[in-house]
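I opened this model to look up a few things and kept notes as I went. The entries below are in the order in which I checked them.

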Amino acid sequence: MTTSSDTKNPIIRFMNMNTSGQTGGRSLPLWRQLLLQLTALAILASVMFPIMYIVTLSFSSKTTRPSQLELIPKEISFVAYGQVLDRPTGNPVTFAELLRNSFVLSLGVGLAALGVAVTAAYAFSRFKFKMREVLMILVFIPLLMPAVGLSTPLYLLLNQVQVKQCAEGTIAVQPITTCADGKGRLQFNLRDSLFGVGIAMTASALPFAVWNLKGYLDTIPRELEEAAAIDGADANQTFWRIVIPLAMPQLAVTFFLGFIGHWQEFVLTWLFLSQPKDYTLAMTLYNMTGQYANSVPWNRFAAMAVIVALPVAVVYIALQKQIVGGLTTGSVKG
Amino acid sequence: MAAAQSSFSKTKRQNAVLPYLYLLPAFLIMGVITFYPLIYQVIISFTNFETQHLLLGMRSPDLRFIGIKNYIDIFTAALPVENFNFFRVLEFNFWWALSNVILHVPAGVMIATLLNTDGLWLKRIYRAAYVLPVVVPPLVVATVWTNIFDERYGAMNQLLTTLSGTFLGNFDPIYIRWFEDVKPPIPGFLPGAPLTLAYYAMMIANFWLGWPFMSVVATGALQSIPKDLYEAASIDGATGGQQFWNITVPLLRPAMIPAAVYGFTLSFNLFNFVFFMTGGGPARSTELLVTFAYNLVRNLRWYGVAAAFAVIIFAVALVVFLITNRITRATQNYMEA
């Protein structure tokens with residue numbers, strides 16, 4: 001444990017992060033080691049309690065509610081997973097559709113916000129111009145407004161865009177054209193579609209993306225850009241060839257934070273979407289708990305919870321260092 | 001010479017326009033989906049906007065401007081809603097955010113310090129496990145804890161039953177009505193806004209969710225503290241406690257204060273979590289400003305009142321932002337000093 005060559009051994013690194021000093025594990029008296037181990041184990045138990053509970057429940061084949069506490073699976077049954085994947089809710093929507101809706105929505109919002117935010121963040125980070133402060137406040141102010149605060153006007157706005165099949169057989173696209181009789185059969189309503197909800201969600205995603213990217217761009221040294229300028233690159237070339245590649249890790253983190261934020265988006269989807277085929281995983285999970293859940297067996301709910309959590313958890317663990325680093329640079333630099 | 005000058009002024013002009021070009025896409029989009037709705041929201045907050053106006057919006061013939069009636073109704077609790085008092089909700093909302101941060105930050109720092117102890121066995125395992133609450137989406141956390149606090153079948157009551165059986169020899173099943181009981185277990189704890197059991201249940205669940213993030217931030221900051229500071233201190237005879245208060249705490253401050261501010265604003269508007277766990281109940285005792293705003297839109301459908309409420313939330317958030325901004329600025333100066 002004490003020689004430096006040992007630190008390359010992954011098992012030793014796994015067991016104990018600090019092997020650099022000559023002190024190794026010996027500086028800690030045994031009684032303190034045991035005391036600290038006891039504390040650490042107690043914390044571990046409290047952390048694992050809900051996780052083990054829900055995992056155990058999801059592997060159970062019993063559809064009755066649990067009558068006593070079980071934290072270690074007695075059986076490994078995939079019945080509940082199978083049922084959830086086969087028919088997630090009472091609504092006519094398949095699991096594949098739910099997953100696709102959640103995925104498309106989070107991906108679309110994450111990418112749209114990122115693409116629009118990156119140039120704005122660059123402008124705020126690198127240029128001095130008139131009204132800079134005012135414009136920056138304008139961008140960040142919506143961060144103070146929760147999504148539900150803008151829902152009514154967004155609802156009305158998106159509701160105006162409708163495609164209708166008119167009586168005489170033509171197609172009218174409101175608000176540009178309307179049917180002659182003013183009516184018509186509704187074919188598409190932007191408000192009641194994933195695309196429309198995605199647009200509404202971008203409103204709340206954009207300010208955060210600008211803020212998070214600007215904080216990071218501020219930390220990139222300007223020397224490289226100055227060198228590029230001396231070599232004759234104009235501002236656009238510098239932006240695309242120097243800044244974007246350097247900012248790639250933070251772009252990934254910003255995208256991912258947007259992605260998980262909207263992976264669990266509930267307010268706007270629940271307010272805007274009315275057709276089961278557009279429902280998302282988050283909406284389904286809500287349907288399986290609380291007042292709506294009387295008929296849903298708990299093992300199915302548990303399986304659904306694990307399924308919704310797993311993809312996010314895996315990516316989060318993989319990107320953990322960058323995410324924490326990114327969040328803290330952003331917040332310190334404001 | 002003249003040509004050089006003209007090209008110089010051309011690039012100069014380009015540079016003056018360029019930042020605005022870079023900002024253009026963001027402002028075009030925000031103009032339509034953020035600023036327009038914000039202004040619209042302010043306008044309809046002075047009207048009697050209700051469900052029947054949804055079709056025609058501002059063009060509805062019977063849409064009337066009613067001045068600041070919506071605002072007055074909210075502040076004077078004149079809305080025909082049971083158990084709604086704006087100032088109680090506001091007080092609870094602040095207390096909720098504050099009490100979370102007060103618990104999460106010290107717990108996170110202490111646990112990070114524990115894991116930073118030289119020579120502690122199994123560090124990597126603990127570190128890996130302790131981060132799990134951060135990576136589970138809060139939405140899932142809320143639904144899972146809702147089940148855990150279920151009165152009859154929930155894990156919490158079952159755990160309490162097991163504990164009471166093991167340690168007290170009392171095997172009667174415990175049925176605590178976490179989400180229904182309206183009687184505050186500690187009367188008078190927060191004057192003006194009684195804290196029901198549901199609040200404590202949410203605190204437990206959100207504590208599980210909240211401290212690991214603080215611990216991750218604290219770990220990063222702890223590892224940047226030079227080890228020789230501690231060595232020098234112990235040569236000078238400082239005890240472990242003295243080292244913690246005089247070295248660790250001051251050096252963690254620049255990292256922890258922004259994290260605490262972040263945690264405060266996050267808890268302040270923690271919609272999904274609160275909505276999924278209690279829905280603001282029982283008797284609106286755990287209602288936050290955002291969950292009530294959602295109720296106004298979704299269930300009561302008073303869009304005019306909801307708009308006024310949104311404007312009020314915005315004003316409250318602005319005040320919170322200005323205060324927290326001042327706090328983080330203070331830390332920046334501290335770091336530069």
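These notes take chain B, then its contact with chain A, then a sheet and a helix pair in chain A.

**Entry 1: status of the model**

I note at the start that this is a predicted model. For local features I rely on residues with a pLDDT of at least 70.

**Entry 2: chain B as a whole**

I looked up the secondary structure of chain B and found 13 helices and zero strands. Read from the N terminus, the order of elements is therefore a plain run of α, as the string α-α-α-α-α-α-α-α-α-α-α-α-α shows.

I then checked the overall dimensions. The radius of gyration of chain B is 26 Å, whereas a compact globule of 337 residues would come out near 20 Å. The C-alpha trace of chain B extends over about 80 × 70 × 30 Å along its principal axes.

I also looked at burial and contact range. In chain B, 40% of the 337 residues count as buried. Taking contacts in chain B between residues at least 6 apart in sequence, I find that 67% join residues at least 24 apart.

**Entry 3: two sites in chain B**

Is B:G210 buried or exposed? I count B:G210 as buried, because it has 25 C-beta neighbours inside 10 Å, and the cut-off for buried is 20 or more. B:G210 sits in helix α8 of chain B, which covers residues 197-223. Leaving out residues up to four places away in sequence, B:G210 touches B:N100, B:H104 and B:G263. For one of these, B:G263, I looked up the separation: 53 residues in sequence and 8.0 Å in space, C-alpha to C-alpha, from B:G210.

For a second site I took B:I235, which belongs to helix α9 of chain B. B:I235 has 9 C-beta neighbours inside 10 Å and so counts as exposed; the cut-off there is 12 or fewer. B:I235 and B:A315 are 80 residues apart in sequence, and their C-alpha atoms are 53 Å apart in space.

I then looked at the whole of helix α9 of chain B, residues 227-235. How many of its nine residues are buried? The number is zero, so this helix lies largely in the open. After α9(B) comes B:G237, which has a positive phi near 90°.

**Entry 4: the contact of chain A and chain B**

I looked up how many residues each chain brings to the contact: 85 residues from chain A and 77 residues from chain B. On the side of chain B, helix α1 (residues 2-44) gives the largest share, with 15 residues. Sorted by class, the side of chain B that touches chain A has 57 nonpolar, 16 polar and four charged residues.

**Entry 5: the sheet in chain A**

In chain A I found an open sheet of three strands in the order β2-β1-β3, with antiparallel pairing. β2 and β3 of chain A are at the edges with a single partner strand each, so each has one side without a neighbour in the sheet. From one strand to the next, the twist averages 25°.

I went through the pairings next. Strand β1 (residues 162-165) and strand β2 (residues 171-174) of chain A run antiparallel and are joined by four bridges. A:Q162 is opposite A:Q174 of β2(A), and A:Q165 has A:I171 as its bridge partner in that strand. The hairpin of β1(A) and β2(A) has five residues between the strands, and in it A:G169 takes a positive phi near 95°.

β1(A) also pairs with strand β3 (residues 185-189) of chain A, again antiparallel and over four bridges. Here the partner of A:Q165 in β3(A) is A:R185.

**Entry 6: a helix pair in chain A**

I last looked at helix α4 (residues 95-126) and helix α9 (residues 235-263) of chain A. Their axes come within 8 Å and cross at roughly 140°. The crossing of α4(A) and α9(A) is right-handed. Residues in this contact include A:L105, A:V109, A:L114 and A:Y122 of α4(A), and A:F239, A:L251, A:F255 and A:W263 of α9(A). By class, I note 14 nonpolar, six polar and no charged residues in the contact of α4(A) with α9(A).

Terms used. Residues numbered from 1 in each chain as written. Chains lettered and ligands numbered in written order. Predicted model: local features only at pLDDT ≥ 70, side-chain atom pairs only at ≥ 80, totals over all residues. Axes fitted to C-alpha atoms, helices over the stretch in contact; angles between N-to-C directions. Helix = DSSP H or I, 4+ residues; strand = E, 2+ residues; numbered from the N terminus. Left-handed = near helix turned anticlockwise from the far one by under 90°. Contact = placed C-beta atoms within 7 Å. Nonpolar A, V, L, I, M, F, W, Y, C, P; charged D, E, K, R; others polar. Pairing = 2+ DSSP bridges. Rg over C-alpha atoms; globule rule 2.2 N^0.38 Å.
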